[in-house]
Amino acid sequence: MTAIFLIVLGSVLLFVLLAFLIKKPGGSHRQPAAVVLKPCAICQEKFPESELVTRTIGDANYKRSFCDRCITELYEESRLLHDPLYKASDSEDA
Ligand SMILES: [Zn+2]
């Protein structure tokens, strides 16, 4: 009777151990390497580092990252400052 109990208990423990060992690698697959989010220096919204453009500011090694939307807004503002016809020609196209 004790032998049967030990065999059943051993089987259950072995099953739990195998289930734990099989589940662990699967768990790491479900959680890919954590994506590092960095804030845009202008809007402070956080993006994956790969989606930001980073530039050194000033003489010191002072780096800041910028998102696509803020870069586009800066570009649009710059165009308006230096090309007064930019907006007019843009609205003609639309
Ligand atoms: Zn931004």
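Me: How many helices and strands does the protein chain have?
Reply: This is a predicted model, where local features need pLDDT of at least 70, side-chain atom pairs count only at pLDDT 80 or more, and totals for chains, interfaces and linings use all residues. Residues are numbered from 1 along each chain as its sequence is written. Helices (H or I, at least four residues) and strands (E, at least two) are DSSP runs, numbered from the N terminus. Along the sequence the pattern reads α-β-β-β-β-α-α, and the count is 3 helices and 4 strands.

Me: Of the 15 residues of H2, how many are buried?
Reply: Helix H2 covers residues 68-82. To be buried, a residue needs 20 or more other C-beta atoms within 10 Å of its own; exposed is 12 or fewer, partly exposed is in between, and C-beta atoms are placed from the backbone. H2 lies largely in the open, because its number of buried residues is 0.

Me: Which residue in E4 does Val-53 stand opposite?
Reply: Strands pair if DSSP finds at least two bridges between them. E3 (residues 53-57) and E4 (residues 62-66) do so in the antiparallel sense, over 5 bridges. Across from Val-53 sits Phe-66.

Me: Is Gln-44 buried or exposed?
Reply: Gln-44 is in the loop between strand E1 (37-39) and strand E2 (46-48). Its phi is positive, near 65 degrees, and it isn't a glycine. Most residues other than glycine have a negative phi. Gln-44 has 9 C-beta neighbours inside 10 Å, so the verdict is exposed.

Definitions and conventions:
The expected span of a helix is 1.5 Å times one less than its number of residues.
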